[in-house]
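User: I have a model open and would like to understand the words used for how its helices pack. Could you take me through the reasoning?

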Amino acid sequence: MSTLDTKKLTKELKIDAKAVGIPSGASNIFIEKSISDALSNLADKTIITDDDLKRAIYKELKKYHPDLAYVYKNRDTII
Amino acid sequence: MQPPLCYNLNMNVFTSVGILILTMLIMAFLQLSTGIFLLFFHYCHGKYSRRKCSDMGLFYIIGVELCVALIFLSTYFSLNALYFATSNFDDTFLIWFIAGILAALAIVIFFCYYHKGKNTKLFISRRLASLLNEKAKNAKTRSDAFTLGFISTIPELFFTIPIYIVAAIETMQIGDTPIVRSLLVILFILSAVTPIIAAHMSMDFGYNLANIEKTRIRNKNFTRAFVSLLYLIIAILIITFKVIK
């Protein structure tokens with residue numbers, strides 16, 4: 001069992017956001033909102049897998065910036 | 001002085017040039033160094049200033065170039081020594097062996113180079129992929145970038161060693177003066193970094209990892225089929241001009 005490190009996830013997403021070309025002010029707001037919305041969407045589940053979490057965050061991020069969501073979803077499948 | 005003969009055949013200069021161009025195309029189309037560079041440059045843009053990214057990107061390219069140059073030149077000089085050391089060296093077995101390997105690699109590349117699915121996952125083990133991913137993410141200095149570039153060509157040696165051998169033989173065949181040979185060597189080395197330079201420029205001009213990755217996925221099947229075909233064509237050319245002369 002592992003716990004979600006939201007600070008680490010936020011930091012990683014901010015790096016991705018800057019690389020994708022999103023201004024840091026905007027990215028700070030919607031990254032935190034996306035993570036909190038994703039977590040509240042999963043709140044009623046008793047077991048949450050890494051894939052569930054990734055899918056939920058991807059879905060939320062896609063509303064704000066599809067490229068950032070795409071990079072978040074696919075960064076482990078580039079090579 | 002006669003250049004060291006590699007194929008005892010009537011393979012003319014044009015065929016050798018053609019084969020050399022095909023080997024350069026293969027070097028340009030193989031994806032591992034480019035994939036690692038994209039990740040590395042993406043993380044770099046996310047952490048550092050544009051100037052530092054360009055600097056580190058340059059060192060990555062130098063790392064790839066140096067590794068390709070070392071492997072190519074060591075192959076070249078080993079073969080040169082082999083041909084000089086044995087005056088009546090019968091290379092029939094060597095040629096058949098290389099042609100067979102190339103044909104086998106054509107099949108392997110077509111079926112195994114990429115993983116299935118909508119991604120550009122390559123043939124390397126997932127453990128190695130995550131290690132390279134981590135290295136790309138944590139590169140902080142020029143030397144990190146250089147080392148990453150240097151090691152990025154090594155996992156692909158399984159596919160590239162026969163290409164280095166063929167290119168070295170063709171270079172010996174074509175270039176009868178040191179200048180021509182040096183030019184061919186430089187061209188071969190540059191061909192390996194052409195896609196990385198293109199990726200570097202694309203990201204400098206405002207394309208991001210998502211855009212480039214979508215293009216790579218769209219062209220995945222073409223890349224696989226094209227590289228496989230190139231391997232096959234080289235194998236056929238070698239067999240044709242060695243056996244049916």
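Analyst: Happy to; we can go through two helix pairs in turn, keeping in mind that this is a predicted model.

User: Why are α2(B) and α8(B) called roughly parallel?

Analyst: The axes of helix α2 (residues 32-47) and helix α8 (residues 178-204) of chain B cross at roughly 25°. Angles under 35 degrees count as roughly parallel, and α2(B) and α8(B) are therefore given that name. Their axes come within 9 Å, and the crossing is right-handed.

User: Which residues of α2(B) and α8(B) meet?

Analyst: From α2(B), B:S33, B:T34, B:F37, B:L38, B:F41 and B:H45 take part, and they meet B:P195, B:I196, B:A199, B:H200 and B:M203 of α8(B). Seven residues of this contact are nonpolar and four are polar, with no charged ones.

User: Over in chain A, what makes α2(A) oblique to α3(A)?

Analyst: Helix α2 (residues 24-41) and helix α3 (residues 50-64) of chain A have axes that cross at roughly 135° and come within 8 Å. Roughly antiparallel needs an angle over 145, and roughly perpendicular covers 65 to 115. The angle of roughly 135° fits neither, so α2(A) is oblique to α3(A).

User: What is the handedness of the crossing of α2(A) and α3(A), and which residues meet there?

Analyst: The crossing of α2(A) and α3(A) is right-handed. On the α2(A) side are A:F30, A:S34, A:I35, A:D37, A:A38 and A:N41; on the α3(A) side are A:L53, A:A56, A:I57, A:E60, A:L61 and A:Y64. This contact divides into eight nonpolar, two polar and two charged residues.

Key
Residues are numbered from 1 along each chain as its sequence is written. Chains are lettered from A and ligands numbered from 1 in the order in which they are written. This is a predicted model: local features need pLDDT of at least 70, side-chain atom pairs count only at pLDDT 80 or more; totals for chains, interfaces and linings use all residues. Axes are lines fitted to C-alpha atoms, for helices over the stretch in contact, and angles run from 0 to 180 degrees between N-to-C directions. Helices (H or I, at least four residues) and strands (E, at least two) are DSSP runs, numbered from the N terminus. A crossing is left-handed if the near helix is turned anticlockwise from the far one by less than a right angle, and right-handed if clockwise. Two residues are in contact if their C-beta atoms, placed from the backbone, lie within 7 Å. Ala, Val, Leu, Ile, Met, Phe, Trp, Tyr, Cys and Pro count as nonpolar, Asp, Glu, Lys and Arg as charged, and the others, Gly among them, as polar.
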